[in-house]
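Here are some short exercises on a ligand site and a set of paired strands. Have the model open and try each task before reading its solution.

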Amino acid sequence: MDYFNYKNNQLFCEEVALSDLAEKYGTPAYVYSKKTLVRHLSAYSNSFEKLNNMICFSVKSLGNIAILNLLNSQGAGFDIVSGGELFRALKAGADPKKIIFSGVGKSSVEVAAGIKAGILSFNIESISEYERIKKIANEMQVSAPISIRFNPDIHAGGHDYISTGRKEDKFGIDSEEQVLELAQKINEDEYLIFKGLACHIGSQILSLDGFEKAAIKTLKLCDNLNNNGINVTLVDLGGGLGVPYKEEEPPSPKELIQTIEKVFIGRNEQIILEPGRSISANSGVLVTKIEYLKNKFIIADAAMNDLLRPALYQAHHSVMPVIKNKEASDMEYDLVGPICETGDYLAKNIKINAEEGDLLAVKTAGAYGFVMSSNYNARPRAPEILVDGSNHYLIRRRETLEDLIDLEEIPIA
Ligand code: LLP
């Protein structure tokens, strides 16, 4: 469900015509709907009935500080994976006590920044990481809260690259004995506070099975820890719920939460979820203009540097004309960008009646869209615009050519 709809054949984001935004800000441009973001977040926060919970939006899916500020104002916490995301979340006004620091390779600087900020929990993934945090917390003489991410050996999720919960993946600790041993060490340390368990099994997951299995395994591990005198107060079940890019029918946040509540019924642990895509994907489109038509190719002004998902994962994104004033077409096009790579495409085999100069909206681009964009081929990154009813705000300006070289220097011989 989103708020991108046609009115008199014109595609609108809420009450604003995308063609007006394209005229004002140029193309390519990312456009986000506030209503969609708020609706998706509340689909999570309103669905818990029985358990103490917190929804930590996964910053990696859409990190603009205006969006984080919006979600923060709606009560979200944040799941971060780097010092950069910590900086973003804090700049957006986040309460550090609602920040979870995930990720397999936190640097010492990032650990120190997280401790200094007073975050809710570091989700750690190895003994070495425990040792690093222990050392830094001891040096700083400040307590560090820690949860252990375990690897439940569950295969769920879409593309191989985004499956994270299998034994062979790099994430989490896969031995129950090691989790127990580590939890004991954390519990005994002067500066470490043991919080609980975390697991995240993948992304773009379309069935509840994996989530249920992960919840059951987590619960068992909680019991095991409790029986060994280690108090678990926090259980982070990660993110991963899929969205419809094509005709997929993913479970709703409500269904996911009902599944979790069934497993954890009667328990006191705080349940944390880290949704990214299921909040942000449908909230955004990438608006692009057709530069040229050439044989079966629509050559647009957006490219793989703007939206990498099709080139990287062969991901499908639907494409809609911004103004729908033409007959349906039988012509099948590939929508490609100006980048000098054959892999540079945004969509394949789309049936659309296209003319040079037309505007197109690439849908479901709010998650892992702008955040994965780059300057490849020296292309300035697109602006980001947030629509709120009939208002719109430029929340990141288009990069300039000067921005491209701003950090560079020619050495003086
Ligand atoms: N928590 C952790 C620990 C994660 O690693 C991720 C995503 C999330 C939460 C949020 O997952 P979500 O609810 O968004 O599925 N670039 C890929 C997706 C990579 C996901 C990585 N981890 C894509 O464009 O499909």
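**Exercise 1.** Find how far a polar side-chain atom of Ser203 lies from an oxygen atom of the ligand, then look for other polar contacts of the ligand.

*Solution.* Bear in mind that this model is predicted. Start at Ser203: one of its polar side-chain atoms is 2.4 Å from a ligand oxygen. Go on to Tyr368, where the distance from a polar side-chain atom to an oxygen of the ligand is 2.6 Å. Then turn to a nitrogen of the ligand, which lies 3.3 Å from a side-chain N or O atom of Asp79. As for cover, the ligand on its own has 590 Å² of accessible area, and the protein covers 92% of this.

**Exercise 2.** Describe the shell around the ligand and explain why the ligand lies between two domains.

*Solution.* Begin with the 17 residues around the ligand; those that come nearest are Ser203, Glu274, Arg309, Tyr313 and Tyr368. Sort the shell by class: 5 residues are nonpolar, 6 polar and 6 charged. Last, check the domains: the ligand lies between domain 1 (4-32 + 281-405) and domain 2 (34-278) because both give residues to its shell.

**Exercise 3.** Which strands pair with S13 in the antiparallel sense?

*Solution.* Take S4 (residues 29-33): it pairs with S13 (residues 284-294) over 4 bridges, with Tyr30 opposite Leu286. Next comes S18 (residues 359-362), also antiparallel to S13 over 4 bridges; here Thr288 stands opposite Leu360. Finally, S14 (residues 297-300) pairs with S13 over 4 bridges, and Lys294 has Phe297 as its bridge partner. The S13 and S14 hairpin has 2 residues between its strands, and Asn295 takes a positive phi near 50° there.

Technical notes:
Residues numbered from 1 in each chain as written. Predicted model: local features only at pLDDT ≥ 70, side-chain atom pairs only at ≥ 80, totals over all residues. Heavy atoms only, no water. Near = heavy atom within 4 Å. Polar contact = N/O pair within 3.5 Å; in protein donor to acceptor, adjacent residues only side chain to side chain. Areas by Shrake-Rupley, 256 points an atom, 1.4 Å probe, with all protein chains shown as cover. Nonpolar A, V, L, I, M, F, W, Y, C, P; charged D, E, K, R; others polar. Domains from an automatic or database assignment. Pairing = 2+ DSSP bridges.
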